[in-house]
Amino acid sequence: MRILLVEDEEDLGLAIKQVLVGEKYVVDWVTDGAQAWHCLESQWTDYTVAIFDWLLPELSGLELCQRLRARQNPLPVLMLTALGQPENRIAGLDAGADDYLVKPFVMEELLARLRALQRRSPQLKPQQLTVGVFTLDDANTLLQIDLPDQPVQEIPLTLKEFQVLAYLMENCDRIIPGSKLRSQLWDIDEEPISNVVAAQIRLLRRKFDRYDCDCPIETVPGQGYRFRISP
């Protein structure tokens, strides 16, 4: 899941990002509403959830919500704010926020609210993803391979390996350009080298080889990569 975090308090923003990255989310963290809107309008990045602080420079979290809903954008939004009065909560929800979290809060509650959004929203991804004989287990960062008449094979994955496989499996049998993978799976604060996607794919193939498994990731020259299970 890729998250847009908009929080202008540096310490809080950094703390939230670190917690979310530890939970396997890809996080773009920006500190004002204008930056956030630029990210939301980008044709290269698809977010699955946004976390907006209410009081932001340039554009408020409330205005960001209103702009999204005016464009019929269903992106789930969790609003963060120190404004805890009932009328403030009502205003945030009426503007289009899906949930509302009052500062100060504990990170466990933030994560619980994200899980609740995940259960309610069809846009968000399940805890397990199965394509053919391949199942990604989010809780344990594993790939399970269930071949007929064989014991289930489990392959432990790094965070980036997990994210690459998840994105390709979600788009099974579609060719995904390397530039699209890079824009989706490396956050905007990172400066990935030009061949970082190819290098990550090579590491995945070596891992499949190490476990004596055929790698389902196909390179389509000049176009990109495809998770292929069909003949």
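# Close-up views of a predicted model

**View 1. Here is the second largest pocket, with about 180 Å³ of space inside.** Keep in mind, for this view and the rest, that the model is predicted. Ten names make up the lining, in sequence order: Phe134, Ile145, Leu147, Gln150, Pro151, Gln153, Tyr211, Asp212, Cys213 and Asp214. Sort the lining residues by character and you get 6 nonpolar, 2 polar and 2 charged. Hold on to Phe134, one of the lining residues, as Phe134 comes back in View 3 as half of a ring pair.

**View 2. Trp54 and Tyr100 form an edge-to-face ring pair.** How many aromatic pairs are there by the rule used here? The count is 2, and this view takes up the pair of Trp54 and Tyr100. Their ring centres sit 6.3 Å apart and the ring planes are at 80 degrees; planes over 60 degrees apart count as edge-to-face, so that is the label this pair gets. Trp54 belongs to the loop between strand E3 (49-53) and helix H3 (61-70), while Tyr100 is part of strand E5 (residues 99-102), so the pair ties together parts that are 46 residues apart in sequence. Are these two residues buried or exposed? Trp54 has 9% relative accessibility and counts as buried. Tyr100 is buried too, with a relative accessible area of 8%.

**View 3. Phe134 meets Phe227 in another edge-to-face pair.** Here the ring centres are 5.4 Å apart, and the planes stand at 80 degrees, so this pair is edge-to-face. Phe134 comes from strand E7 (residues 134-137) and Phe227 from strand E11 (residues 224-227), so the contact ties together parts that are 93 residues apart in sequence. Phe134 counts as buried at 9% relative accessibility. Phe227, at 1%, counts as buried as well.

**View 4. Arg67 lies over the face of Trp37.** The distance to look for is 5.3 Å, taken from the ring centre of Trp37.

**View 5. Helix H6 is mostly covered.** H6 runs through residues 159-170, which gives it 12 residues. From first C-alpha to last, H6 reaches 16 Å, close to the 16 Å expected at 1.5 Å a residue. Of those 12 residues, 10 are buried. Which ones are they? Lys160, Glu161, Phe162, Gln163, Val164, Leu165, Ala166, Tyr167, Leu168 and Met169.

**View 6. The peptide bond from Lys103 to Pro104 is cis.** Its omega is near -10 degrees. Why give this bond a view of its own? Because most peptide bonds are trans. To find the spot, follow the chain to the loop between E5 and helix H5 (107-120), where Pro104 is located.

**View 7. Glu58 and Asp173 each have a positive phi.** Most residues other than glycine have a negative phi. For Glu58, phi is near 70 degrees, and this residue is not a glycine. Glu58 sits in the loop between E3 and H3. With a relative accessible area of 63%, Glu58 is exposed, because the cut-off for exposed is over 50%. Asp173 isn't a glycine either, yet its phi is about 70 degrees. Look for Asp173 in the loop between H6 and helix H7 (178-185). At 33% relative accessibility, Asp173 counts as partly exposed.

Conventions: Residues are numbered from 1 along each chain as its sequence is written. This is a predicted model: local features need pLDDT of at least 70, side-chain atom pairs count only at pLDDT 80 or more; totals for chains, interfaces and linings use all residues. Side-chain values use heavy atoms; hydrogens and water are left out. On a 1 Å grid over the protein atoms alone, a cavity is a set of points where a 1.4 Å probe fits but cannot get out, and a pocket is an open set with protein on both sides within 12 Å along at least five of seven lines; lining residues have an atom within 4 Å of a point. Grid points are joined across faces, edges and corners, and a volume is the space filled by probe spheres set on the points. Ala, Val, Leu, Ile, Met, Phe, Trp, Tyr, Cys and Pro count as nonpolar, Asp, Glu, Lys and Arg as charged, and the others, Gly among them, as polar. Helices (H or I, at least four residues) and strands (E, at least two) are DSSP runs, numbered from the N terminus. The expected span of a helix is 1.5 Å times one less than its number of residues. Buried means under 20% relative accessible area, exposed over 50%, partly exposed in between (1.4 Å probe, protein chains only). Rings of Phe, Tyr and Trp (its six-membered ring) pair if their centres lie within 6.5 Å; planes under 30 degrees apart count as stacked, over 60 as edge-to-face and the rest as tilted. A charge sits over a ring if NZ of Lys or CZ of Arg is within 6 Å of the ring centre and within 35 degrees of the ring normal.
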